[in-house]
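Got the viewer open and a selection box ready? Here's a walk through the fold, one pick at a time.

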Amino acid sequence: MKEIKNIINTYYTINILYGMGIAVFGATLYLYMQSLHYSYAEINIFLSIFWIVSFLTETPSGIIADTFGRKNTLISSCVIRSIGLLFLFIDWGNITFLILGAIFTAIGESLKSSTLDSWMIDSILAIDKKFAFDRIFSVNSMAGTTVNLLSGYFGAQVLGNIDLSYPVLAGIILLIISMVVAIFKMKEPKRNLEESSHLTSIDQSFNMLKATTKEGIHFLKNDKTFFLICLSFLPLSFIVSGPGNQWQLFFQNGTKDINTGYIWIGLNLCSILGAYLSRKISSLSENKIYILIGSTIFNTLSIILCVLTGDYLIALLLFLLHVIITASEEVIRYTFLNQNIKNENRSTLLSFFNTLEAGATILALLLNGFFSDFFGIGNAWLIMSIISLVISIPVYLIVNSTIKKHKLDKSNKVMKTI
């Protein structure tokens, strides 16, 4: 049907344009902030504020989209995120502009999250209630990944080599184009909206956040194994926070010509490879704790050797190995986490874990920025990796012992029953 085809094409177009608007400066943003003479700690403050605001606005954004409409919310996302990038573009080293840029881009990110997907699904279901969406998401994922790779490369190797502010300007332009397409091509599906207080709806979303936190604490008190699993996963933030954000600064290392576009492509391809290899790595042992211990050790070693080697190419290959391990471990961790939720409150526990993980990431970013300013980026990566290893391995072993004990107790109970 022509109407459905128009909806799908609009969905693809906006997603690709919006994704390009973010990816185009993905390989140069930290180089740009460094060129404005921000310290490593100040750059990480930008990241921390982005994380905090994103976390606080993620839940309300869904309420806003349902209340004010997906089209209006997406347009607002484009406008607000463009303003955030504009603060960065006109920034001459003023920390106020940096903070405002973080706040506005984070709000824009939250308003976009799931909004376009929800619009597309509801619009098509209003026409065909039995429509299958698998192919749409598959095509969108492949197209988005390809275009983001190319736009990130173009932003770094072409625009970045002319002026480091140009990729940010290109991001603003692409987001504005996304907004124009949304204005003229998006149509809200017909639905009956109840006349309700918008402020009440938004307030309810924050109450949901508080309720989730309280319930999460309650369930964790009664499930010590799951609590220990959550704790064992948090130190990974200390390993990835530095390399995941500072790789541009580390590998550019004062070189005049920008080369991060090539690394951007390698980084994204290695992430895809890591996710693909996760099942093969996970199958190496039935005990997933041993897999996670091994991946943590190899991850730490790859960062340590990356920093200590004097050869640029070897360091880059070790960094890409770190990316593969991290991407693979992320899939294994998430699967293991879900398998160890033993009650029906899965969403609450996962939401609470995401809250803990966000807190650990913010702490890791602040610590990494502090260490980078005082000891240099490489030494900061070493310190954070060692901290992660020292904390996570003992907790992994405790988790392994607890799980074995739980299975033994359960087996004994079965034997007594028989």
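Start by colouring the helices that pack over the buried part of helix H7: among them are helix H1 (2–23), helix H6 (115–125), helix H8 (166–185) and helix H12 (260–282). Keep in mind as you go that this is a predicted model.

Now select H7 itself, residues 134–162. Those 29 residues reach 41 Å from the first C-alpha to the last, close to the 42 Å expected at 1.5 Å a residue. Don't take that for a straight rod, though: H7 has a kink of about 30°, centred on Gly155. Gly155 is also one of the buried residues of H7, and that list includes Gly144, Gly152 and Gly160 as well. If you'd like some side chains to show, Ile136, Asn140, Leu149, Gln157 and Leu159 are buried in H7 too.

Zoom out for a moment and show the whole chain. You'll count 16 helices and zero strands. Of the 418 residues, 48% are buried. Take the contacts between residues at least 6 apart in sequence, and 84% of them join residues at least 24 apart. Switch on a surface and you're looking at about 21100 Å² exposed, 65% of it supplied by carbon and sulfur atoms.

Next, the inside. Which residues touch the most other members of the largest nonpolar core? Select Phe251 and Phe319: those are the two, in a core of 77 residues. H1 gives the most to this core, with nine residues. Centre on Phe319 and, leaving out residues up to four places away in sequence, you'll find it touching Pro243, Trp247, Phe251, Ile263, Leu267 and Cys306. Apart from this core lies another, of 20 residues; pick out Phe226, Ile291, Val395 and Ile403, which are among them.

Stay with the interior and go to Met186, in the loop between H8 and helix H9 (198–222). Is this loop residue buried or exposed? Met186 has 1% relative accessibility, so it counts as buried. Show its surroundings, skipping residues up to four places away in sequence, and Met186 touches Thr10, Ile14, Arg70, Lys71, Leu74, Leu116, Trp119 and Val181. Try the distance tool here as well: the C-alpha atoms of Met186 and Met120 are separated by 9.2 Å, with their positions 66 residues apart along the chain.

Two hydroxyl side chains come next. Pick Ser82 in helix H4 (residues 70–89). Ser82 counts as buried because its relative accessibility is 8%. Where does a polar atom of its side chain point you? Draw a line from the Ser82 side chain to the backbone oxygen of Cys78, and you get 2.6 Å. Beyond its neighbours within four places in sequence, Ser82 is in contact with Ile172, Leu175 and Ile176.

Then move to Thr105 in helix H5 (residues 95–112). Thr105 is buried, with a relative accessible area of 4%. A polar atom of the Thr105 side chain lies 2.7 Å from the backbone oxygen of Gly101. Not counting residues up to four places away in sequence, Thr105 touches Phe46, Phe50, Arg81, Gly84 and Leu85.

For a change of scene, select His37, in the loop between helix H2 (29–35) and helix H3 (40–68). Check the backbone torsions: His37 has a positive phi of about 70°, although it is not a glycine. Most residues other than glycine have a negative phi. With a relative accessible area of 73%, His37 is exposed.

Last stop: helix H14 (312–339) and the loop that follows, leading to helix H15 (346–375). H14 has 28 residues and reaches 41 Å from its first C-alpha to its last, close to the 40 Å expected at 1.5 Å a residue. What caps the N-terminal end of H14? Show Asp311: one of its side-chain oxygens lies 3.0 Å from the backbone nitrogen of Leu313. Now jump to Asn340, in the loop between H14 and H15. Asn340 is buried, with a relative accessible area of 13%. Finish with one more distance: Asn340 and Thr225 are 115 residues apart in sequence, yet 8.2 Å apart in space, C-alpha to C-alpha.

Methods. Residues numbered from 1 in each chain as written. Predicted model: local features only at pLDDT ≥ 70, side-chain atom pairs only at ≥ 80, totals over all residues. Heavy atoms only, no water. Helix = DSSP H or I, 4+ residues; strand = E, 2+ residues; numbered from the N terminus. Expected span 1.5 Å × (residues − 1). Bend = angle between axes of the 7 residues up to and from the residue. Buried < 20%, exposed > 50% of the residue type's maximum accessible area, 1.4 Å probe, protein only. Contact = heavy atoms within 4.5 Å. Core = buried A, V, L, I, M, F, W, Y, C linked by side-chain atoms within 4.5 Å. Polar contact = N/O pair within 3.5 Å; in protein donor to acceptor, adjacent residues only side chain to side chain. Areas by Shrake-Rupley, 256 points an atom, 1.4 Å probe, with all protein chains shown as cover.
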